[in-house]
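This report walks through a few surface features of the structure shown below. It moves from a single residue to a pocket and then to a patch.

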Amino acid sequence: VYMDWAAERADSCRWLETIKVADLGNFVDHPVLGRMRAGDFIAAWRLHDLLHMRQFSTALSVLTARRLAAWRVDYAGTIPGS
């Protein structure tokens with residue numbers, strides 16, 4: 001199934017703009033996680049995005065360090081997985 005990520009993301013951002021602060025306390029009782037407020041889901045969604053950014057950054061660091069293996073890059077800091 002083809003998904004246009006940019007279009008889906010834009011739709012999600014437009015939807016987020018419609019949420020009122022007062023609605024963030026609305027909740028459902030999740031069978032495993034317990035009470036989850038709307039704000040909890042939105043906060044987790046944001047953190048999930050940031051964790052993906054960390055994954056991309058880590059992958060780029062590792063790949064770049066491999067390409068630059070002939071050079072000393074230790075001054076940059078610890079390369080993940082090295």
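In this predicted model, alanine 22 counts as exposed because its relative accessibility is 69%, and exposed means over 50%. Alanine 22 sits in the loop that connects helix 1 with strand 1 (27–30). Between the C-alpha atoms of alanine 22 and alanine 69, which lie 47 residues apart along the chain, the separation is 53 Å.

Leucine 51 belongs to helix 2 (residues 38–67), and with a relative accessibility of 38% leucine 51 is classed as partly exposed, the class that lies between the 20% limit for buried and the 50% limit for exposed. The two residues are set side by side here.

| Residue | Relative accessibility | Class |
|---|---|---|
| Alanine 22 | 69% | exposed |
| Leucine 51 | 38% | partly exposed |

Leu51 also takes part in a nonpolar surface patch, which it forms with Leu47, Leu50 and Met53, and the accessible area of these residues together is about 370 Å².

Met53 appears again in the lining of the largest pocket, where the other lining residues are Met3, Trp5, Glu8, Arg9, Ser12, Trp45, Arg46, Asp49, His52 and Phe56. Helix 1 (5–16) and helix 2 are the elements that give two or more residues to this lining, and helix 2 supplies the largest share, with 6 residues. By character, the lining divides into 5 nonpolar, 4 charged and 2 polar residues, and the volume of the largest pocket is about 230 Å³.

Technical notes
Residues are numbered from 1 along each chain as its sequence is written. This is a predicted model: local features need pLDDT of at least 70, side-chain atom pairs count only at pLDDT 80 or more; totals for chains, interfaces and linings use all residues. Side-chain values use heavy atoms; hydrogens and water are left out. Patches are made of residues with over 30% relative accessible area and no salt bridge: like charges are joined within 9 Å, nonpolar side chains (Val, Leu, Ile, Met, Phe, Trp, Tyr) within 5 Å. Accessible areas come from the Shrake-Rupley method with a 1.4 Å probe; for residues, only the protein chains shown count as cover. A salt bridge is a side-chain nitrogen of Lys or Arg within 4 Å of a carboxyl oxygen of Asp or Glu. Helices (H or I, at least four residues) and strands (E, at least two) are DSSP runs, numbered from the N terminus. Buried means under 20% relative accessible area, exposed over 50%, partly exposed in between (1.4 Å probe, protein chains only). On a 1 Å grid over the protein atoms alone, a cavity is a set of points where a 1.4 Å probe fits but cannot get out, and a pocket is an open set with protein on both sides within 12 Å along at least five of seven lines; lining residues have an atom within 4 Å of a point. Grid points are joined across faces, edges and corners, and a volume is the space filled by probe spheres set on the points. Ala, Val, Leu, Ile, Met, Phe, Trp, Tyr, Cys and Pro count as nonpolar, Asp, Glu, Lys and Arg as charged, and the others, Gly among them, as polar.
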